[in-house]
Amino acid sequence: MGSRIRHPFRRSTGSATSDADHVVVRLSGEITSKNARAIGASLREALRAPPRVLEVDLDRVTYLSSDGGTAFFMALLAARPHGTQVIVTHAGAQARATLGQLGLPRALDIYEGDGDSPDTA
């Protein structure tokens, strides 16, 4: 894996926060093939005015299917031309396992918590 750049996180109590440098999208429920396209579109929308960092918070995600992982690929494709770093925070064991099976840890940073230290599992 490449080096990881850490960024300060700015948080609020809302479901999405943003500033010029950092956008946070908080997802909830199940992410499956049924909603992956819509979630991917939401993540791409968060990249309209490209931030330096797009944080996808999975704290309230109860299940992530491999088909649901399509949403993350869509976000990565939209982020790459702008140099936006995509990170995943509050990823539970099941979500981390799914993201790992898809090979996404090579393209984005995945954190168990709020981004203080990268997941090494």
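Which side chains does a polar contact of 3.2 Å join? In this predicted model, the two partners are the side chains of D57 and H90. The aspartate belongs to strand β3, and the description below moves from the overall fold to the nonpolar core and then to the charged and polar pairs, in which D57 recurs.

The protein chain comprises three helices and five strands. Their order along the sequence is β-β-α-β-α-β-α-β, so that the pattern has a strand at either end. Of the 121 residues in the chain, 45% are buried. The accessible surface amounts to about 6,600 Å², and carbon and sulfur atoms account for 49% of that area. When contacts between residues at least 6 apart in sequence are considered, 70% of them join residues at least 24 apart.

The largest nonpolar core contains 27 residues. Within this core, the residues that touch the most other members are L27, L54, V56, L58, F72, V88 and L99. Two or more residues are contributed by each of β2 (22–31), α1 (36–45), β3 (53–64), α2 (70–79), β4 (85–89) and α3 (93–101). Helix α2 supplies the largest share, with six residues. The surroundings of V88 illustrate how members of the core meet one another: beyond its neighbours within four places in sequence, V88 is in contact with V56, L58, F72 and L99. The contacts of V88 also include L108, D109, I110 and Y111.

Three salt bridges are found in a search of the whole structure. One of them pairs D57 with R26, with a separation of 3.6 Å between the closest N and O atoms. This pair connects distant parts of the chain, since D57 is in strand β3 and R26 is in strand β2, 31 residues apart. The two partners fall into separate accessibility classes: D57 has a relative accessibility of 6% and therefore counts as buried, the limit being under 20%, whereas R26, at 23%, counts as partly exposed.

A salt bridge also forms between the side chains of E112 and R96, at an N to O distance of 3.9 Å. Here too distant parts of the chain are linked, with E112 in the segment after β5 (109–110) and R96 in helix α3, 16 residues apart. R96 counts as buried because its relative accessibility is 18%, while E112 is partly exposed at 49%. In the remaining salt bridge, the side chains of E45 and R48 meet at 3.1 Å, N to O. E45 counts as partly exposed, with a relative accessibility of 46%, and R48 is exposed, with a relative accessible area of 64%.

The polar environment of D57 extends beyond its salt bridge with R26. A polar atom of the D57 side chain lies 2.8 Å from the backbone nitrogen of D59. The side chain of D57 also makes the 3.2 Å polar contact with that of H90. The buried D57 thus has polar partners that include the side chain of R26, the backbone nitrogen of D59 and the side chain of H90.

Technical notes:
Residues are numbered from 1 along each chain as its sequence is written. This is a predicted model: local features need pLDDT of at least 70, side-chain atom pairs count only at pLDDT 80 or more; totals for chains, interfaces and linings use all residues. Side-chain values use heavy atoms; hydrogens and water are left out. Helices (H or I, at least four residues) and strands (E, at least two) are DSSP runs, numbered from the N terminus. Buried means under 20% relative accessible area, exposed over 50%, partly exposed in between (1.4 Å probe, protein chains only). Contact means heavy atoms within 4.5 Å. Accessible areas come from the Shrake-Rupley method with a 1.4 Å probe; for residues, only the protein chains shown count as cover. A nonpolar core is a set of buried Ala, Val, Leu, Ile, Met, Phe, Trp, Tyr and Cys residues joined through side-chain atoms within 4.5 Å. A salt bridge is a side-chain nitrogen of Lys or Arg within 4 Å of a carboxyl oxygen of Asp or Glu. A polar contact is a pair of N or O atoms within 3.5 Å; within protein, one must be able to donate a hydrogen and the other to accept it, and residues adjacent in sequence count only if both atoms are side-chain atoms.
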